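Visitor: I am new here and would like a short tour. Could you show me what we will be talking about?

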Amino acid sequence: MNRKSLLPPGLYRICVTLPDRVRRLTDWSVSKRHARRVVHPQAARRQALLPFRVPALRAILALPALLACVSARADVADTLQALKPGVVGVGVFSPTGAPRANLQGTGFAVLDGHYIVSCAHIFAKPLDSEKKETHAVFLGHDREISVRPARLVATDRAHDLALLKIEGDPLPALKLGDSTRAREGWQLYFTGYPIGSVLGFKPSTYRAGLAAVIPIFTPVKNASQLTARTLKQALHPFKVFELDAIAYPGNSGSPVWQPDTGEVLGVVNSVYVKGAKEAVLSAPSGISYAIPAEYVQQMLEQALPKTP
């Protein structure tokens, strides 16, 4: 078929009358468009490998962040192993009792390792002299438990804190941090004995976010809901930590610590604070609370001059 017949009438005459330079430019543009459509074999192989290279590149770029996460987790494990020997069980020991050891809560060593911080409500019940009961600190692992007699040297009833002193070799002491600088949203941990020695004498560690820093006293709608304790807290309010973790009665006295430094920022309190904050609730919530470490520091400063 004649090529000219494929052109509309008059178009052939326009084409043949175009200057050669314009025609060559048009032909070059058309050939370039065709060249773009033609993919070189080597380029085709690169394009075929592109879907595999993109995930690999992303993995390489994400590697530093992944290593940082692994390092952070390793730091938490290392911090836990360093402070765990300073976390102890506290309670009552009776040589004639059955059982002889009554684990009632948790405590942790401070200062020179001879002083133990815990919660005051654990030691509210008087000792039975006929059973030769003594305050005690429990050490050990699993079923191997050693008992260290302890002496109650100071209590802070307002903040439900207690200070014990033990004799013998010192324990690894935990360092108190500046709880006034704690910020909501921090990821913290606490270590203690949630249900005593039922599952073996071994402390458990839980992760707890610092959900809020709140006043210990919450105004009530009815005066009948007030108690002597809540009245005192209303007259002398202070801040406590609200934790998004479940703590059991045995966790009272557990240190709340920072994962990067191991510094103690608070003391878990599963009874004293909970009774004040949730007195109006028919069923207690799963929220836990902690007394800031600044009040522990105040107790130590007041107690040490009176402690032999």
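Visitor: Where is the place of D160 in the chain?
Guide: Helices and strands are DSSP runs (H or I of at least four residues for helices, E of at least two for strands), numbered from the N terminus. By that naming, D160 sits in the loop between strand 5 (144-156) and strand 6.

Visitor: Before we go on, how were these values obtained?
Guide: This is a predicted model, in which local features need pLDDT of at least 70 and side-chain atom pairs count only at pLDDT 80 or more, while totals for chains, interfaces and linings use all residues. Residues are numbered from 1 along each chain as its sequence is written, and side-chain values use heavy atoms, with hydrogens and water left out.

Visitor: Is D160 buried or exposed?
Guide: Relative accessible area decides this: under 20% is buried, over 50% is exposed, and in between is partly exposed (1.4 Å probe, protein chains only). D160 has 3% relative accessibility, so D160 counts as buried.

Visitor: What is the phi of D160?
Guide: Most residues other than glycine have a negative phi. D160 is a residue other than glycine, yet its phi is positive, near 55°.

Visitor: K132 also has a positive phi; is K132 buried or exposed?
Guide: K132 is not a glycine and has a phi of about 55°. K132 lies in the loop between strand 3 (115-118) and strand 4 (134-141). Because its relative accessibility is 56%, K132 counts as exposed.

Visitor: Which peptide bond is cis?
Guide: Most peptide bonds are trans. Here, though, omega is near 5° for a bond leading to P99, a residue in the loop between strand 1 and strand 2. The cis bond is the one from A98 to P99.

Visitor: Which residue forms a salt bridge with E263?
Guide: A salt bridge is a side-chain nitrogen of Lys or Arg within 4 Å of a carboxyl oxygen of Asp or Glu, and a search of the whole structure finds 1. The closest N and O atoms of this pair are 3.6 Å apart. E263 is in the loop between strand 10 (255-257) and strand 11 (264-268), and its partner is 88 residues away, in the loop between strand 6 (161-166) and strand 7 (187-192). That partner is K175.

Visitor: How are the rings of F238 and Y295 arranged?
Guide: Rings of Phe, Tyr and Trp (its six-membered ring) pair if their centres lie within 6.5 Å; planes under 30 degrees apart are stacked, over 60 edge-to-face, and the rest tilted. By this rule there are 3 aromatic pairs. The centres of the F238 and Y295 rings are 5.3 Å apart with planes at 65°, so this pair is edge-to-face.

Visitor: Which element gives the most to the largest nonpolar core?
Guide: A nonpolar core is a set of buried Ala, Val, Leu, Ile, Met, Phe, Trp, Tyr and Cys residues joined through side-chain atoms within 4.5 Å. The largest has 51 residues, and V90, F108, I116, V137 and L163 have the most contacts inside it. With 6 residues, the element giving the most to this core is helix 6.

Visitor: How many residues are in the other core that lies apart from it?
Guide: Nonpolar side chains tend to be buried together in soluble globular proteins. This other core includes F190, F241, V256 and V268. Its count of residues is 13.
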